[in-house]
Amino acid sequence: MKAIYAGFPKTGTKTIEAVFREFGYNTYDFLENSYYLGKDWRRIIKDGGTVEDFRRMYKDVDAVVDGPCFMFWEEILEAFPEAKIIFSVRDEESWLPSFKKQIRSLATNHMYVLMQVLSYSGWRHFQFSNACALVQLGSTINWPWCEYPYSPTVWRRIYRNHNNYVLHNAPKDKLLMFDFKDGWGPICEFLGEEVPDKPFPHRNIGASIVKESMESHPIIEKMMREVKFTLGVLTLIGAYGGYRIYQNPASIRGWINAAMTRFKFW
């Protein structure tokens, strides 16, 4: 493990991910944690984890960013003491509405919601996201189309507590307080990487990451293939049911009568 980004979502997480990938790091962002380690994380959030768990989970990973890793930076650092911590704090008044918009986009992107309902991997992703929300937002939801309860008081408090804890407990010799305006220089020097011959990236402008991921992320593409398979199976079942009804119209009347009788009973 080379780097841990301990900043909260909407403090440059997707930009840092792009930086890590530019360095050639095997990076686990939110979707990678969900797809490959979701079961582990749900267990850890529910029942707790050990240093051995984190060492096993991330033994071949160079960098981690976003949820839930940023909340458990200390446990990951204990498993990989050679790792360095990168941290950034955003002004609270600009962070809160940006974070709210990001969270809301999870329930308003119809394809993202559909993917979680009609894909086995998508449903596991929803379970993982819900477990992360418990520690990041202090709340959960019942279904993918629901919006997480918005409590500015709780969200501000979680954000402040996390930032203060990192600043007071991260080893100073392993911590880079990063200002994105500084570009490549400080982070390249801190991680011992050469400065790339390209502009410094800027990702997830206006909470666009859900839309962008739905269009191009390989893990989302896998989940969408599962959705297509599920829709294909449902179509075949519907077509077969329609054919049987066409062959025996009286059967549908029998089903309706049975349903009406049951309804009256209740």
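These legends accompany a set of close-up views of a predicted model.

**View 1. A salt bridge joins K14 and D29.** Here the side chains of K14 and D29 come together in a salt bridge, with 2.8 Å from N to O. K14 sits in helix α1, while D29 belongs to the loop between β2 (27-28) and α2 (30-47), so this pair ties together parts that are 15 residues apart in sequence. Take a look at how covered the two partners are: K14 counts as buried at 9% relative accessibility, and D29 counts as buried at 5%.

**View 2. E22 and K198 pair across the sequence.** A salt bridge brings together the side chains of E22 and K198, at 3.1 Å from N to O. The pair links distant parts of the chain, 176 residues apart, with E22 in helix α1 and K198 in the loop between α9 and α10 (209-216). E22 is partly exposed, its relative accessible area being 33%. K198 is partly exposed too, with a value of 43%.

**View 3. Helices α1 and α9 cross obliquely**. Stay with α1 for this view, which shows how it packs with helix α9 (residues 184-191): the angle is about 55 degrees and the axes are 12 Å apart. Angles outside the parallel, antiparallel and perpendicular ranges count as oblique, and α1 and α9 are therefore oblique to each other. Their crossing is right-handed.

**View 4. Helices α5 and α8 cross roughly at a perpendicular**. The axes of α5 (residues 92-108) and α8 (residues 152-169) come within 11 Å and cross at roughly 115 degrees. Angles of 65 to 115 degrees count as roughly perpendicular, and this helix pair is therefore described that way. The crossing of α5 and α8 is right-handed. A salt bridge can also be found here, between the side chains of R156 and E93 (2.9 Å, N to O). With R156 in helix α8 and E93 in helix α5, the pair ties together parts that are 63 residues apart in sequence. E93 is exposed, with a relative accessible area of 51%.

**View 5. Four charged residues share a network.** D40, R43, D53 and R56 are linked by salt bridges into a network. For the wider picture, the count of salt bridges comes to 14.

**View 6. K10 has a positive phi.** K10 is a residue other than glycine with a positive phi, near 70 degrees. You can find K10 in the loop between β1 (3-5) and α1 (13-22). K10 is buried, and its relative accessible area is 9%.

**View 7. The loop between β3 and α4 holds D66 and a cis peptide bond.** D66 lies in the loop between β3 and α4. Phi of D66 is near 70 degrees, which is a positive value in a residue other than glycine. D66 is buried, having a relative accessible area of 8%. A little further along, G67 and P68 are joined by a cis peptide bond, with omega about -5 degrees. P68 is placed in the loop between β3 (63-64) and α4 (73-79).

**View 8. A nonpolar patch lies on the surface**. The members of this patch are F229, L231, V233, L234 and I237, and together they have about 480 Å² of accessible area. F229 is found in helix α11 (residues 218-247). F229 is exposed, with a relative accessible area of 61%.

Technical notes: Residues numbered from 1 in each chain as written. Predicted model: local features only at pLDDT ≥ 70, side-chain atom pairs only at ≥ 80, totals over all residues. Heavy atoms only, no water. Patch = residues over 30% accessible without salt bridge, like charges linked within 9 Å, V, L, I, M, F, W, Y side chains within 5 Å. Areas by Shrake-Rupley, 256 points an atom, 1.4 Å probe, with all protein chains shown as cover. Helix = DSSP H or I, 4+ residues; strand = E, 2+ residues; numbered from the N terminus. Buried < 20%, exposed > 50% of the residue type's maximum accessible area, 1.4 Å probe, protein only. Axes fitted to C-alpha atoms, helices over the stretch in contact; angles between N-to-C directions. Parallel < 35°, antiparallel > 145°, perpendicular 65-115°, else oblique. Left-handed = near helix turned anticlockwise from the far one by under 90°.
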